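Reader: I should like to see the terms used for this model set against their criteria. May we begin with accessibility and then turn to contacts and chains?

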Protein chains: 4
Amino acid sequence: MNNLQNETDLRAKLIQDFQRVRNFSLKIVEPLETEDFVIQPMPDASPTRWHLAHTSWFFEAFLLKEVFPNYKSIDDKYSYLFNSYYVQIGERFYRPNRGLLSRPTVKEILAYRKFVDEQVLDFLTDADEPTLQKWLVVMNIGLNHEQQHQELILTDIKNVFSNNPLFPVYNKLELKENSNLPPINWIEVEGGVREIGYNGSDFFYDNEKPVHKVYLNDFQIASRLITNGEYIEFIEDNGYSRPELWLSNGMADVESKNWKAPLYWEKIGDEWWNYTLQGFRKVEPSEPVTHVSFYEADAFSHWAGSRLATEFEWEAASSRSQLTGNFVENGNFHPSPVLNSADGIQQLYGDVWEWTRSDYAPYPGYKIPPGAIGEYNGKFMSGQIVLRGGSCATSKTHIRNTYRNFFHHNARWQFSGIRLAKDLQ
Amino acid sequence: MNNLQNETDLRAKLIQDFQRVRNFSLKIVEPLETEDFVIQPMPDASPTRWHLAHTSWFFEAFLLKEVFPNYKSIDDKYSYLFNSYYVQIGERFYRPNRGLLSRPTVKEILAYRKFVDEQVLDFLTDADEPTLQKWLVVMNIGLNHEQQHQELILTDIKNVFSNNPLFPVYNKLELKENSNLPPINWIEVEGGVREIGYNGSDFFYDNEKPVHKVYLNDFQIASRLITNGEYIEFIEDNGYSRPELWLSNGMADVESKNWKAPLYWEKIGDEWWNYTLQGFRKVEPSEPVTHVSFYEADAFSHWAGSRLATEFEWEAASSRSQLTGNFVENGNFHPSPVLNSADGIQQLYGDVWEWTRSDYAPYPGYKIPPGAIGEYNGKFMSGQIVLRGGSCATSKTHIRNTYRNFFHHNARWQFSGIRLAKDLQ
Amino acid sequence: MNNLQNETDLRAKLIQDFQRVRNFSLKIVEPLETEDFVIQPMPDASPTRWHLAHTSWFFEAFLLKEVFPNYKSIDDKYSYLFNSYYVQIGERFYRPNRGLLSRPTVKEILAYRKFVDEQVLDFLTDADEPTLQKWLVVMNIGLNHEQQHQELILTDIKNVFSNNPLFPVYNKLELKENSNLPPINWIEVEGGVREIGYNGSDFFYDNEKPVHKVYLNDFQIASRLITNGEYIEFIEDNGYSRPELWLSNGMADVESKNWKAPLYWEKIGDEWWNYTLQGFRKVEPSEPVTHVSFYEADAFSHWAGSRLATEFEWEAASSRSQLTGNFVENGNFHPSPVLNSADGIQQLYGDVWEWTRSDYAPYPGYKIPPGAIGEYNGKFMSGQIVLRGGSCATSKTHIRNTYRNFFHHNARWQFSGIRLAKDLQ
Amino acid sequence: MNNLQNETDLRAKLIQDFQRVRNFSLKIVEPLETEDFVIQPMPDASPTRWHLAHTSWFFEAFLLKEVFPNYKSIDDKYSYLFNSYYVQIGERFYRPNRGLLSRPTVKEILAYRKFVDEQVLDFLTDADEPTLQKWLVVMNIGLNHEQQHQELILTDIKNVFSNNPLFPVYNKLELKENSNLPPINWIEVEGGVREIGYNGSDFFYDNEKPVHKVYLNDFQIASRLITNGEYIEFIEDNGYSRPELWLSNGMADVESKNWKAPLYWEKIGDEWWNYTLQGFRKVEPSEPVTHVSFYEADAFSHWAGSRLATEFEWEAASSRSQLTGNFVENGNFHPSPVLNSADGIQQLYGDVWEWTRSDYAPYPGYKIPPGAIGEYNGKFMSGQIVLRGGSCATSKTHIRNTYRNFFHHNARWQFSGIRLAKDLQ
């Protein structure tokens, strides 16, 4: 599963990856005040304090307690407080109540992180090579898990700030715009029996396996993401009140939640404004639309006379594209317009997660891995929708062509957007 | 779409089908008291009064108002009261409040049915052949729609009666049992590129089209349904409290709804009893288990070391089986044990709807048909699970190999059950 | 407690009262269809079937089972089904689910009533005089209890019909109006130490006792009820959106329940219409306003520069008035305008229950009577408001000057209205 | 309304009171970490941050904006964020969402307090004597308002900490106990026409006026509060599951909220433990029971064969007692056992608020004061219960014999307890 040639390389890489990922968690919370770490704005989200502690607990529960038989945590209750959903590991603190806790304090949680880091680094430094090989998968899961929570820290804190009439600014950023945005081209993709799933030798999640065959019809995919400007046309064409465009459950959510625009948008007079991590500002028409649900993406696609791609079509269409894009490393924390025209499919990676028309389901032959760490993916394979490609809050070291993200049909607080597809006539 | 050879045949068949289906609705409500027609036991269900009126309104709205320009309904408010979810047709009475209405009375609704029947028969008798051909699809949708509501009348009234401590008996029936039930055989099915979807010339629903190719791995399918006896083993092995067997949403439903057994089951002392349309009686071990949700079916399959079939596997496996089984025409209104051993796959049709592992989604190339009648299927293609094969409350004239039924993951009031499948090693 | 002079009188009176009250229950359900008996339009209300059975069960539980040791009910489950809230009597069927039952049917319930009636009449005919004396209180509670349920049958069925777009008519009635309505006079009442509570020798409820002293300031009371016309002025003066007029909980209910007018009112164009037991018709300005909550009555009183009377003021003010009015025996089932001018306080009894400014609380020295029948009043003495005077759905044989009715602050489905009071300057 | 003899005295007293009360708010938050200020543990409670800001906003809204025409707040949005329920002042931030805000930070709120303090002190220093007299009531309301919020800060933070499995300690305190607790004596109080309400010349709340007469029967009142030990007897005698002891709404809350003991109590093995501001520890039998609702107090009184006193009885019984007790100035933040036996009524003031049997209602002749500050009391006079006497979280400078506190029947997070009363036989 790893192609490093010798022990030294492996040890060095693990130490380097560990330090890089762990430090990045601290870097993205630098702009926050202590008070910001405490808030849980909705049941789906978690306080930043909790994310920082939970990602440390993960290494404690799945690595340190295994490799150090006498391992003693800073506080026995941390396991109860910072477990998320690993029911096989033991009782958990009720998730929607995470925002009711003020202790341990941020300072104490940072001390906890430091404590865990030191133990993990001791292990990485001292273990012999076969032991490192044995725990490589757990280390990789731990680091990828932390990267997922880094993305959640950013989207959860955006949600926290959006509730505050003072509209705090997370980062300052020159607004990017492109008043000469290229039109969408329809790029043809050939169908037939295609192989789907991860086939490489680096880290992957269990849900990307087994590699298997699917039959695809020929289809077309849009050369770029849908923009705010295009989405405003949909709104102004009464898109939100035309039931023929919507899935039935989506229409029900539109009505019960009173959706009239993407999350964080507000109409002031004749103009649309939105809260961004860069503050409250006018909606920029050339940016990719984001913070839409699957239902909105699907309704938009019908309005536009097209449809969303399945996750298999997306994977087939992107199989030869380069893995570049507007990732979290750019420091934008916001999607960016297409700035230069180019051939091929643009904005495939980064910017916004792309809703597909695929329910999240196990690949043929999929088996839930044994043990608590096996709870990671399999048990969520129901009632959610697959998204592909990563966002401006995703690390470039985290995403790949076969990566399957998944959220509920009506989730809107992630950086999620729209790319269209079409059948070939 | 219809292979009748001449006008006379078509007219005669339409009249005969219409009378047969419409009369069957009256036949299945014969055992009911007036009071029974009024109750709506839960938001998902409807009162029998409403089913009888709604199926009549359907012919009024989609046929009579179109073919008779001066058509005048008995009461203008009936359209508002008895429309279900056809939002393009106009405003509807709020569904969960259907049980708050006592008028029009059952007598008035039967008069309404009679009125509609007479008009439709007038039309079928008098229209010329091209007109009959033109309205053939609407007639067929109307009749199939009524058959679906006949199944709902039975399952909804079962739910009504189950809430009543007096446990009313709908029909008397000699209990069937088989103490020498054959064990499950695993029947191998060859994979490869297979064609899926309706390819004949009779009536079909839009969701069975287009015919398209899917790639299947080789797999095995169980020779019969899971029985109550086998399901009791799962319960007694703590199946309902072992999270590793369950999808996450399923475990949440188990906890919040306090599920411990199939719907209508109750443990009295050491014995399981259940409410059936034949009254409250002991659970018969050799009968197929029914009134389980998708979540329970899925958890059971994991407990049994296997899985559910996808809807494509089900269709492929059943493609050469005969369309026979324990249907509503038998008058059992209850699933029946396998009574004779036989080769091949048994109980494929009738008895209980079989939960698949497939989310209800559009087939490649599917387009929602235009007009209000197009709301029938497409807008529900999200957040539901496909069931196959029909039940003891389904008409044999309604079901087919490509038929796709769909319900929410946690629906339990239909006659829904479990057939296992396995990957080939 | 009873001033009848000899056994014959007592026996004859009991038989006569029993037959009169029991028959009146049947009389008021005559206009109903079988389907109407089944509906429970909201958790606070009950289906007519249930009222008819419950009032019979009351005699069974508190009389027949006591006086006939071998008494056998028609069905043992009736006790479970038709007990309301007498927790000491045994388990009860969950109240908000009463509308989920279709059996026993109306016919069966009428047979149950007949069965109970025969037993009670046997008892009344055969018991010796000391036994009759002993059970007199229970008989009287049973009959008064039934009269309360007669009022509920009328208000609950009004609620049922009001939900139905067909607006069924319960009784036809010539609309009464008075375009020369006299203005409100303010009638002065002297304060000081006054005696409150029932002091006679006929039947009374425990909550009217003990007689006790209260100190009242001098005050003024309005000579008649507030009319629809006056209430419309309040509405049009933005009464429902001026928080300074409202109790805080009342304002919250206005907002969460979207109250803009009394229950059953609807504005069509520029005109107010309302559903009445006489059908859907224009609001008549000279009628007393009804179907308002305590909160609305209180807010209206503030808007009018006055206040509601306390229950003690009401009792003191009415102590010398004659017990006449528009009662259920009139057959109007609707409040009536003042038709003739007269001195003194008009409309004190009948028409509408008058909200007081008094929380329902025990009188000094009150003790809950022992036994299950003692649950009748005491345990509700919290979180409700006292109403006085009876309504157009109350029997003149049921009401008296000291009678304390009580409902929740936001209850609106009773015939409840407004009389103003004022401090003396 | 104020008996100071000259301007110097008035000015000096106002400055001294203002500094004392404002500084005390800062003193009680000293033990808190920044994170603690942010949490809102339930809709009824508020984050400490908010309390500190809201009490400052009060002076800004009702004093500074009036006396300084050019007054400019630090941030215009503070008025929206920190208004509580003064609907006449303008729009307010939705109360249950106060815990979703992290900004302004604690540091910014402390700066806001300082800013307001300086302006108020400028006003108190510079205003001429008639102006001081004119604003005396507003100043006094502001300070008493802040004292109420000081009590809420303590009870809300106790609720915050109680949710945290780490059980933070607010203050260390030697546990007080008295194993020789004197039994309850029944002290007789003479009835007749008594005067109720505030009759002095210092500050009072509008709800204590007008002084008026009530008629009381003779009664007895308990010499001390009910203890934990006595309450445990009630629990162990199945007090929580005997409906005959409970008001109907109370029993419903017991069932729906699963109450089995006072708030913060937990049974571990055979022992009762409870969370206190001094940490999680064993329940001390001689301490007054606290954190019980009105319903529990009422049920306990029935179990004990007695009842609660009305607020009028309480006021009459305490009219000659000295205003001493275990107040917030003691620094206990916890009720204390009777430590020395003494004649008369003990523990009347301080320790725990005493639930009365009186609904919170206006006194005869009460009028809501005009203007926004008039919203203070009147609009809450419905659906709540009066408590008397103050608690261990109340300032001795805040409480008096006529003081009427009020909370909902089921509120338990205040320091509320039980004193019994009895009718005279």
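Author: Partly exposed denotes a relative accessible area between the limit for buried, under 20%, and the limit for exposed, over 50%. The model is predicted, and each value below is computed from it.

Reader: Why is B:Lys257 called partly exposed?

Author: The relative accessibility of B:Lys257 is 42%. This is neither under 20% nor over 50%, so the intermediate term applies.

Reader: What makes B:Asp253 buried?

Author: B:Asp253 has a relative accessible area of 12%. Buried requires a value under 20%, and therefore B:Asp253 qualifies.

Reader: How do you know that B:Lys257 and B:Asp253 meet in a salt bridge?

Author: The N to O distance between the two side chains is 3.8 Å. The cut-off is 4 Å between a Lys or Arg nitrogen and an Asp or Glu carboxyl oxygen, so the pair meets the rule. In general, side chains of opposite charge can pair when their charged atoms come close.

Reader: Why are B:Lys257 and B:Asp253 said to be separated by about one helical turn?

Author: Both belong to helix α7 (residues 248–257) of chain B, and they are four residues apart there; therefore about one turn separates them.

Reader: What makes the pair D:Asp117 and D:Arg22 a salt bridge?

Author: Their side chains meet at 2.6 Å, N to O, and the distance is within the 4 Å allowed. The pair links distant parts of the chain: D:Asp117 lies in helix α4 (residues 106–126) and D:Arg22 in helix α1 (residues 7–29) of chain D, 95 residues apart.

Reader: Are D:Asp117 and D:Arg22 buried or exposed?

Author: D:Asp117 has a relative accessible area of 16%, and D:Arg22 stands at 1%. Buried means under 20%, so the term holds for D:Asp117 and for D:Arg22.

Reader: Which residues of chain A are linked in a network of salt bridges?

Author: The network links A:Arg22, A:Arg113, A:Asp117 and A:Glu146. A search of the whole structure finds 96 salt bridges over all chains.

Reader: Where is A:Glu208 found, and why does it count as buried?

Author: A:Glu208 sits in the loop between β2 (192–196) and β3 (212–216) of chain A. Its relative accessibility is 0%, which is under 20%, so it counts as buried.

Reader: What makes the approach of A:Glu208 to A:Arg400 a polar contact?

Author: The side chains of A:Glu208 and A:Arg400 are joined at 2.7 Å. The limit for a pair of N or O atoms is 3.5 Å, so the distance satisfies it. The side chain of A:Glu208 also makes a polar contact of 2.6 Å with that of A:Thr402. Leaving aside neighbours within four places in sequence, the residues in contact with A:Glu208 include A:Gly197, A:Tyr198 and A:Tyr363.

Reader: Why are chain D and chain A described as related by a two-fold rotation axis?

Author: Chain D can be laid on chain A by a turn of 180° and a shift of 0.0 Å along the axis, with an RMSD of 0.0 Å. The two copies are therefore related as by a two-fold rotation axis. In chain D, D:Glu35 comes closest to that axis, at 2.9 Å for its C-alpha.

Reader: How do you know that chain B and chain A meet through the same surface?

Author: Of the interface residues of chain B, 97% are also interface residues in chain A, so the copies use the same surface. The contact takes 32 residues from chain B and 31 residues from chain A.

Reader: What area do chain B and chain A bury between them, and how many salt bridges cross the interface?

Author: They bury about 2400 Å², 52% of it on carbon and sulfur atoms. Two salt bridges cross the interface. B:Asp423 forms a salt bridge with A:Lys367 at 3.6 Å, a distance within the 4 Å cut-off.

Reader: What separates chain A and chain C, which do not touch?

Author: Their nearest C-alpha atoms are 15 Å apart. Likewise, no contact joins chain B and chain D, whose closest C-alpha atoms lie 15 Å apart.

Methods: Residues numbered from 1 in each chain as written. Chains lettered and ligands numbered in written order. Predicted model: local features only at pLDDT ≥ 70, side-chain atom pairs only at ≥ 80, totals over all residues. Heavy atoms only, no water. Helix = DSSP H or I, 4+ residues; strand = E, 2+ residues; numbered from the N terminus. Buried < 20%, exposed > 50% of the residue type's maximum accessible area, 1.4 Å probe, protein only. Least-squares fit on C-alpha atoms with pLDDT ≥ 70 in both. Contact = heavy atoms within 4.5 Å. Polar contact = N/O pair within 3.5 Å; in protein donor to acceptor, adjacent residues only side chain to side chain. Buried area = accessible area lost by both parts, 1.4 Å probe.
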